[in-house]
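Please take a look at the sequence and the fold below. A short report on packing follows.

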Amino acid sequence: MFTLMSLVRDPSLGLRVLVPGPDGALDAPATWVHNTELPDPSRYVRERELVLTNGLWYDRASAAEFAANAHRAGAAGIVFGLRDETPVTPPDLVEACREIGMPLLEIVTEVPFTAITQAVAALYTDERQEALVGLVRRGDTLATALSRGADASGVLQVLRRDHDLPLAVVDRMGRLIAAEGADLTPDQRESVARGLVRRPPALEVELGPAGRATLFLVGAVGDVDAALVCVRPVTALSKAEKDGLEQTARFLSLEVAKRQAIQAIELRFASELLEMILSGGRRMSEVPGRLKAFGVDPQGPLAVVAVAFAPAPGDSDGGEATLPGLAEVAGEFFVTVGTPVVVAAGTQDVVAVFSWRRPEAELRALGERLAAAVGRRFPGRRPVVGVGGAAAQAAALREPLVRSREACRVLRRRRGGPAAATFAELGTHRLLLGLQDAETLRGFAEGVLGAIREHDARRGGELEETLRAFLDHDGHWAATAAALHIHVNTLRNRLVKISELTGRDVSRTEDRVDLFLALEADAMA
């Protein structure tokens with residue numbers, strides 16, 4: 001942009017100020033020039049344009065009307081061009097501009113309006129060249145800073161050398177990555193996170209007493225992963241500031257991608273720890289070292305919880321048990337309570353193994369607080385937490401790990417109930433099966449079901465499917481036959497065959513329990 005004073009200072013234009021307008025009007029930015037002889041140019045003059053006129057409208061409008069029309073359009077000022085017929089600016093135009101506070105300049109006959117247009121164009125060229133040089137210089141500085149190991153804070157410091165703006169970087173989970181000149185509260189970071197997960201993402205958010213903030217989106221792996229937050233509304237930012245912020249946001253994507261890669265490695269490392277605990281045997285010897293790497297004391301008492309989302313009403317497929325970011329939110333929770341933790345994400349739950357030197361009875365309350373923290377970060381979802389209990393040391397982690405995951409799985413299946421529960425509170429066959437290792441479960445399932453599976457494979461039968469349907473329908477013959485689309489006599493014949501092959505009579509409760517547990521064990525193995 002340019003100012004009227006920058007044109008007045010150009011001696012080649014020969015401009016003279018007749019009415020300066022309000023304080024600072026000559027130094028206020030103007031956008032362009034508009035040459036017009038219309039008595040009412042308000043429909044065509046854009047906000048902050050400088051109106052150039054020779055007064056050829058005088059026979060159709062008064063000076064007061066013309067000045068009022070230009071003022072209504074938001075013009076930056078008026079330049080009156082002298083000519084042979086009007087060697088001086090009309091006094092009534094000077095008086096009209098003075099009354100309404102419209103800057104009025106005069107240009108001599110010898111200088112055409114095109115000279116003003118050329119001068120403005122030259123100012124714009126210089127401004128754009130300066131901005132481009134600034135962008136290139138800052139780009140080189142940012143690239144150098146990143147190559148030397150600067151983090152997100154270092155990137156923000158480069159931008160603040162040119163523009164004194166309050167800045168922060170917040171990811172889509174509401175975590176503060178860096179800040180320079182801005183001190184965002186947890187609620188303000190939460191507002192930014194909510195804006196980022198919207199579709200499309202928000203470009204401005206309300207930050208309460210701090211006012212509106214502008215978000216410059218940072219994408220690392222094909223999605224919006226974070227935002228460069230400037231605690232200023234977009235209308236208060238100059239073009240140079242917006243260009244600098246957009247450029248910095250692009251460089252920040254490299255830093256965010258690096259952080260995500262590190263987090264992915266840590267999550268894989270944590271997932272391997274769970275596999276070691278579950279497999280037992282020789283791999284258990286590696287567990288203490290893994291725990292130490294995360295700052296968790298393997299020799300002290302430890303506890304395990306598992307968190308997942310219960311399906312929403314109407315989810316025919318059970319809904320998603322986990323969502324991106326759940327492991328990070330769980331990890332943040334333990335950081336806020338000052339507890340060293342290892343968090344591992346799976347498809348069905350997120351497991352946390354952490355140091356616990358308080359009474360085991362307090363674990364349930366911790367699980368409820370964890371569920372509440374996750375619920376705040378994922379509005380509309382119902383988190384549940386299975387509390388597996390405590391272990392004296394790393395070597396005894398398998399049992400609380402299995403308990404926590406099975407308790408979490410049971411809570412997911414229930415339509416209501418507590419957000420957190422211990423293994424002992426739930427009392428279900430799945431918890432008992434969960435205490436067995438995979439090899440024991442497979443052996444039991446194969447011992448009971450092996451004969452009917454062999455029969456189905458050899459003859460193309462449907463005995464196992466029939467057994468599952470019969471048990472799913474609580475032993476109701478008519479309902480089972482209808483679900484399988486077969487006659488009740490056909491169902492009876494199949495169940496007789498199952499009894500012959502397995503040695504278990506489906507009409508006896510004891511035998512039916514064996515068959516049911518075998519199917520459940522097979523699903524868990």
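## Helix α11

This is a predicted model. Start with α11, whose buried residues are P400, L401, V402, S404, E406, A407, C408, V410, L411 and R412. The helix has 16 residues. From its first C-alpha to its last it reaches 23 Å, close to the 22 Å expected at 1.5 Å a residue.

An α-helix has 3.6 residues a turn, so residues three or four places apart point the same way.

## Two nonpolar cores

In soluble globular proteins, nonpolar side chains tend to be buried together. Here the largest nonpolar core holds 30 residues. Which of them touch the most other members? They are I277, V287, L291, V351, V353 and L397. Several elements each supply at least two residues of this core. The helices are α7 (239–279), α8 (287–293) and α11 (398–413). The strands are β13 (302–310), β14 (341–345), β15 (350–355) and β16 (382–391).

Look at L291. Neighbours within four places in sequence are left aside here. Then L291 is in contact with L273, V296, P298, L302, V342, V353, A394 and L397. A second core is separate and has 27 residues. Its members include V305, L323, V343 and A371.

## Helix α9

Helix α9 covers residues 326–336, and V329 is found in it. Is V329 buried or exposed? V329 counts as buried because its relative accessibility is 4%, and the cut-off for buried is under 20%. The other buried residues of α9 are L326, A327, A330, G331, F333 and F334.

V329 and L370 are 41 residues apart in sequence. In space, they are 9.2 Å apart, C-alpha to C-alpha. G338 follows α9 and has a positive phi, near 70°.

## H455 in helix α14

H455 has its place in helix α14, residues 438–459. Its relative accessibility is 10%, so H455 counts as buried. What does H455 touch, not counting residues up to four places away in sequence? The list is G460, G461, L463, K497 and L501.

## Helix α15 and its partners

Helix α15 spans residues 463–472, and helix α16 spans residues 477–484. Their axes come within 9 Å and cross at roughly 135°. That angle makes α15 oblique to α16. The crossing of these two helices, α15 and α16, is right-handed. On the α15 side, E465, T466, A469 and F470 take part in the meeting. On the α16 side, W477, T480 and L484 do so.

Helix α17 covers residues 488–502. The axes of α15 and α17 come within 10 Å and cross at roughly 105°. Therefore α15 is roughly perpendicular to α17. Here L463, T466, L467 and F470 in α15 meet L491, R494, L495, K497, I498 and L501 in α17.

## Helix α16 against α17

One pair remains to be described. How do α16 and α17 pack, and at what angle? The angle is about 100°, with the axes 9 Å apart. This makes α16 roughly perpendicular to α17.

The residues that meet can be named. From α16 come W477, T480, A481 and L484. From α17 come V488, L491, R492, R494 and L495.

Key: Residues numbered from 1 in each chain as written. Predicted model: local features only at pLDDT ≥ 70, side-chain atom pairs only at ≥ 80, totals over all residues. Heavy atoms only, no water. Core = buried A, V, L, I, M, F, W, Y, C linked by side-chain atoms within 4.5 Å. Buried < 20%, exposed > 50% of the residue type's maximum accessible area, 1.4 Å probe, protein only. Helix = DSSP H or I, 4+ residues; strand = E, 2+ residues; numbered from the N terminus. Contact = heavy atoms within 4.5 Å. Expected span 1.5 Å × (residues − 1). Axes fitted to C-alpha atoms, helices over the stretch in contact; angles between N-to-C directions. Parallel < 35°, antiparallel > 145°, perpendicular 65-115°, else oblique. Left-handed = near helix turned anticlockwise from the far one by under 90°.
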